[in-house]
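Here are a few exercises to work through with the model open beside you. Try each task before you read its solution.

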Amino acid sequence: DFLVAMGTTAAYAYSVTIFLLEEVRFEAGPGTGHLKPTFETGAMLLMFVTFGKFLEAYAKGKTASALQKLMELQPVIATRAIVPPDYLVQIEEDGDARGKKGDYVVSA
């Protein structure tokens, strides 16, 4: 936030300075002033930063909601099945639809 405040203040100070210099030149006579004040720079910068913070807060809210729904899917109890070693089969080749090489599957 400090950098945003410093940037908008610098843009505003530059614009005020250029505006005053152009007014002094105009009173002295028509000049070829090609410097233009940029008052909208600070406003646009603040708008973009505020919009970005809004989007960030919105995304955090959606993420928190999604995590809450995910936590609600967690089962309250679990059942442990003890499988005798005779029913375990190790997959020996990659490309098997049941799993990858080194996995164990239960076979009857």
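**Exercise 1. In which helix does Ser15 lie? Then decide whether Ser15 is buried or exposed.**

Before we start, note that this is a predicted model, in which local features need pLDDT of at least 70, side-chain atom pairs count only at pLDDT 80 or more, and totals for chains, interfaces and linings use all residues. Residues are numbered from 1 along each chain as its sequence is written, and side-chain values use heavy atoms, with hydrogens and water left out.

Step 1. Ser15 lies in helix α1, which covers residues 2–28. Helices (H or I, at least four residues) and strands (E, at least two) are DSSP runs, numbered from the N terminus.

Step 2. Ser15 counts as buried because its relative accessibility is 0%. The cut-offs are under 20% relative accessible area for buried, over 50% for exposed, and partly exposed in between (1.4 Å probe, protein chains only).

Step 3. Setting aside neighbours within four places in sequence, Ser15 is in contact (heavy atoms within 4.5 Å) with Pro37, Thr38 and Phe39.

**Exercise 2. Describe the surroundings of Thr8, another residue of helix α1.**

Step 1. Thr8 is buried, since its relative accessible area is 13%.

Step 2. The Thr8 side chain reaches the backbone oxygen of Ala5 at 3.0 Å.

Step 3. Not counting residues up to four places away in sequence, Thr8 touches Gly42, Leu45 and Leu46.

**Exercise 3. Which residues form a nonpolar patch on the surface? Place Val83 within the fold.**

Step 1. The patch is formed by Val83, Tyr87, Leu88, Tyr104 and Val106, which together have about 480 Å² of accessible area. Patch residues have over 30% relative accessible area and no salt bridge; like charges are joined within 9 Å, and nonpolar side chains (Val, Leu, Ile, Met, Phe, Trp, Tyr) within 5 Å. A salt bridge is a side-chain nitrogen of Lys or Arg within 4 Å of a carboxyl oxygen of Asp or Glu. Accessible areas come from the Shrake-Rupley method with a 1.4 Å probe; for residues, only the protein chains shown count as cover.

Step 2. Val83 sits in the loop between α2 (39–72) and β1 (88–90).

Step 3. Val83 is partly exposed because its relative accessible area is 31%.

**Exercise 4. What pattern does the protein follow along the sequence, and what share of its residues is buried?**

Step 1. The protein has two helices and two strands, in the pattern α-α-β-β.

Step 2. Of its 108 residues, 6% count as buried.

Step 3. Its C-alpha atoms fill a box of roughly 100 × 35 × 20 Å, taken along the principal axes.

Methods:
Polar contact = N/O pair within 3.5 Å; in protein donor to acceptor, adjacent residues only side chain to side chain.
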